[in-house]
Amino acid sequence: MQLDRFRDRTVDQLFEAILQLRSLDECYRFFDDLCTVGEVQAMAQRLEVARMLREGLTYSRIEALTGASTATISRVKRCLNNGTDGYELALSRLGR
């Protein structure tokens, strides 16, 4: 399974910690300590690219709107088509 490539005790601990966060403010505080601004922005950009791909936007339109490279857009599209449905799960729960 694809998920097994990074599954271990420390990753479990990270994900369990994220699941304990109860508000946007708590998320901002945790991720401010955990990640650089660029890392958080990169993850947010990938989620936005996934949302746009689901809506049928073209690579060029997504690139223009988000600044994402075509390599990033392509990787997100591969995950949408052949991944573990993580983007789909998150976006559907967000109602997007």
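In this predicted model, domain 1 and domain 2 bury about 320 Å² between them. Carbon and sulfur atoms make up 60% of that buried area. On the domain 1 side, it comes down mostly to a trio: Gln2, Leu3 and Phe31 account for 79% of what domain 1 buries against domain 2, and no other three residues supply as much.

As for who sits where, domain 1 runs over residues 1–34, while domain 2 takes in 37–95. Their C-alpha centres are 20 Å apart. Counted by residue, the contact involves 4 residues from domain 1 and 6 from domain 2. Sorted by class, the domain 1 face that touches domain 2 breaks down into 3 nonpolar residues and 1 polar one, with no charged residues at all.

Polar links across this interface were looked for too. The search for salt bridges between domain 1 and domain 2 comes back with 0. The tally of residue pairs in polar contact between the two domains, with both partners at pLDDT 80 or more, is likewise 0. So with no charged residues on its side of the contact, domain 1 has no Lys, Arg, Asp or Glu there to offer to a salt bridge.

What about disulfides? The structure has 0 of them. Cys27 and Cys35 show why: the cysteine sulfur closest to that of Cys27 belongs to Cys35, and at 11 Å it is too far away for a bond. Looking from the other end gives a matching picture, because the closest cysteine sulfur to Cys35 is the one in Cys27, again 11 Å off and too far for a bond. For a pair to count, the two sulfur atoms would have to be within 2.5 Å.

The two cysteines also differ in how much of each is accessible. Cys27 is partly exposed, at 28% relative accessible area. Cys35, on the other hand, comes in at 17% and is classed as buried, since the limit for that label is under 20%.

Definitions and conventions. Residues numbered from 1 in each chain as written. Predicted model: local features only at pLDDT ≥ 70, side-chain atom pairs only at ≥ 80, totals over all residues. Heavy atoms only, no water. Domains from an automatic or database assignment. Contact = heavy atoms within 4.5 Å. Buried area = accessible area lost by both parts, 1.4 Å probe. Salt bridge = Lys/Arg side-chain N within 4 Å of Asp/Glu carboxyl O. Polar contact = N/O pair within 3.5 Å; in protein donor to acceptor, adjacent residues only side chain to side chain. Buried < 20%, exposed > 50% of the residue type's maximum accessible area, 1.4 Å probe, protein only.
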